[in-house]
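Trainee: I would like to know how the labels on a structure are justified. Could we take a few of them in turn?

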Amino acid sequence: MKPVINEFPSADGLWSGIRLATDANVEGAIVVAQGAIRWVGARSALPAEFAGLKPHDGGGALVTPGLVDCHTHLVYGGQRANEFAMRLAGATYEEVAKAGGGIVSSVRATREADEDTLFAQAAPRLEQLLADGVCAIEIKSGYGLSLEHERKQLRVARRLGEAYGVTVRTTFLGAHALPPEYAGRANGSGDYIDLVCNEMLPALAAEGLVDAVDVFCERIAFSLAETEQVFKVAKALGLPVKLHAEQLSDMGGAALAARYGALSCDHIEHLSAEGIEAMRRSGTVAVLLPGAYYTLRDTHLPPIAALRAAGVPMAVSTDHNPGTSPALSLLLMVNMACTLFRLTVPEALDGVTVHAARALGLQDTHGAIAPGMPANFVLWNVREAAELAYWFGQQPVRAVVRQGRIAIGGNA
Ligand code: NIG
Ligand code: FE
């Protein structure tokens, strides 16, 4: 497949006729040079040296940093609409998993698909997320559950990044579920975690396919001790960790992850006060996933007020996956984070920009419009920033500058 990115024009020049979300009442300006932000501020304060650069007229659009989707399982085979029907008929997520559905059914479909098939299935999903202004995205493995098939998923994730000119951070989630071939064994879980630690993770890290390491720490997945075993190997390899923590129960995962300096703890519906305090101390980001909460018709809210009081940065993400969050709009997650979790609009917007970037260790290159950073910003057809959370199902993107190129709205 020929890379889509080659079709995108350069964003270099002077962007005016825009209003920066940080000061939406005055005309703003952004200078892009060689794909990076050179200057940003009020149009009236633009240094004369930039006035003659190639003009890009924003038509009065509101501008925010490019969005960051910091938790996705975007690459997988098939889909699981049948489970949606099962849950509507009353089955719980845990019951569906025990009946042979759940993660393991996506594992079967992912193993059957080759790299090109996985790419072809993931590409339209990525395009939908990008249409909402996403400029960086995390993609986890975890539907292969063997060296060969985890490698395949991660390679597809890298290829997607190259083809679309979008920043992709790969996360190895080999410890997502017990693969079927280990399920009947006496020490299946222990044996599989040994494989993850001794073979899969070191090999994939050596191939440059792993930017971070994640574990699904839960009573239907892996224990605290198994999680720590994986974290130790990640640490030895110099890789940052993150955790699917306290989604269905309080396992004490967040406190463990914080001890390993985790970039983020994600889901956290059942996060305890001790977990919050540990995350505060370690600077770990709390990633809120309202799509999974909504799909599972969860009623146990994450401890938003306590996270806010502790000053733990909160990110918001799609958790795109075929089981619990088949979400293809990060803006819809912004709406849900406000409506379901009672985030304020500025909190939710920070949650898909600056804090999401930090959850991926990308705070120096994404989530803000600042001199020296690569040019990643979105022009929106809205009057005020609150509209980005208020409408749902709307697609208000006018133009997207991604990695210094005009990826959407190329006539701007
Ligand atoms: O983030 N919690 C574990 N993993 C996914 C669900 C994956 C699946 O059901 O396929 C999640 O919700
Ligand atoms: Fe997830």
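Mentor: We will go through burial, salt bridges and one sheet.
Mentor: This is a predicted model, in which local features need pLDDT of at least 70 and side-chain atom pairs count only at pLDDT 80 or more, while totals for chains, interfaces and linings use all residues. Residues are numbered from 1 along each chain as its sequence is written, chains are lettered from A and ligands numbered from 1 in the order in which they are written, and side-chain values use heavy atoms, leaving out hydrogens and water.

Trainee: Why is E83 called buried?
Mentor: Buried means under 20% relative accessible area, exposed over 50%, and partly exposed in between (1.4 Å probe, protein chains only). E83 has 2%, so E83 is buried. R159, at 25%, counts as partly exposed.

Trainee: What makes E83 and R80 a salt bridge?
Mentor: The rule asks for a side-chain nitrogen of Lys or Arg within 4 Å of a carboxyl oxygen of Asp or Glu. The N to O distance here is 2.9 Å, so the pair qualifies.

Trainee: Why does R87 have no salt bridge?
Mentor: The nearest side chain of opposite charge (Lys and Arg count as positive, Asp and Glu as negative; His and the chain ends are not counted) is E83, 4.3 Å away. That is outside the 4 Å limit, so no bridge is assigned to R87.

Trainee: How do you know that strands 13 and 14 pair?
Mentor: Two strands pair if DSSP finds at least two bridges between them. Four bridges join strand 13 to strand 14, so they pair; they run antiparallel.

Methods. Helices (H or I, at least four residues) and strands (E, at least two) are DSSP runs, numbered from the N terminus.
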